[in-house]
Amino acid sequence: MFEGNVKIKDLKEEIGLLVKSYRKRDKLSRKELAEQLIVSRITIQNLESGMNFTIDTLLKVLQHFDAM
């Protein structure tokens, strides 16, 4: 996936794209996913944008999509 010197910003953006692809695959809006996970729509938006998110949020999303 990554080679050489990995920047945290780049990794967060890749994670965001992965989450977005799972959400779109399942035909969910950000609002629908947020409601299912009991988080805010802004939380999902931040995650997908590679903005600050917690490991708890990431794990919750990955578990929801059976990605872990």
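1. Buried means under 20% relative accessible area. E48 has a relative accessibility of 6%, so E48 counts as buried. The model under review is predicted. E48 sits in helix α3. A polar contact of 2.5 Å joins its side chain to that of R23. Neighbours within four places in sequence aside, E48 is in contact with G16, L17, V19, K20, R23 and R30. R23, the polar partner of E48, is itself one of the buried residues of α1.

2. Now the core. The largest nonpolar core has 12 residues. Its members are V19, Y22, L28, L33, A34, L37, I44, L47, L58, V61, L62 and F65. Four helices each give two or more residues to this core: α1 (8-25), α2 (30-37), α3 (41-48) and α4 (55-64). V19 deserves a second look: V19 belongs to this core and is also in contact with E48.

3. Next, helix α1. This helix has 18 residues. From first C-alpha to last, α1 reaches 26 Å, close to the 26 Å expected at 1.5 Å a residue. Its buried residues are K12, G16, V19, Y22 and R23. Seen down the axis of α1, these fall within an arc of 125°, so they line one face of the helix. An α-helix has 3.6 residues a turn, so residues three or four places apart point the same way. On the other side of α1, L17 and K24 are exposed. L17 is nevertheless among the contacts of E48.

4. What do the buried residues of α1 pack against? They pack against α2, α3 and α4. Just after α1, K27 takes a positive phi of about 55°.

5. Helix α4 can be read in a similar way. T57, L58, V61 and L62 are its buried residues. Down the axis of α4, they fall within an arc of 130°, so they line one face of the helix. L58, V61 and L62 also belong to the largest nonpolar core. The other side of α4 carries I55, D56 and Q63, which are exposed. The buried residues of α4 pack against α1, α2 and α3.

6. A34 is a core residue to inspect. Setting aside neighbours within four places in sequence, A34 is in contact with V39, S40, R41 and I44. I44 is likewise a member of the largest nonpolar core.

7. Check the backbone at I38. Where does I38 lie? The loop between α2 and α3 holds I38. I38 has a positive phi of about 55°, although it is not a glycine. Is the residue buried or exposed? I38 is exposed, with a relative accessible area of 75%. The cut-off for exposed is over 50%.

8. Check D66 too. D66 lies in the segment after α4. Its phi is positive, about 50°, and D66 is not a glycine. This phi comes just after α4. At 71% relative accessibility, D66 counts as exposed.

9. Points to keep in view when going through the model. For the helices, follow the buried face of α1 and that of α4. For the interior, follow the 12-residue core and the 2.5 Å polar contact between the side chains of E48 and R23. For the backbone, look at the positive phi values of K27, I38 and D66.

How values were computed:
Residues numbered from 1 in each chain as written. Predicted model: local features only at pLDDT ≥ 70, side-chain atom pairs only at ≥ 80, totals over all residues. Heavy atoms only, no water. Core = buried A, V, L, I, M, F, W, Y, C linked by side-chain atoms within 4.5 Å. Buried < 20%, exposed > 50% of the residue type's maximum accessible area, 1.4 Å probe, protein only. Contact = heavy atoms within 4.5 Å. Expected span 1.5 Å × (residues − 1). Arc of directions from axis to C-beta. Polar contact = N/O pair within 3.5 Å; in protein donor to acceptor, adjacent residues only side chain to side chain.
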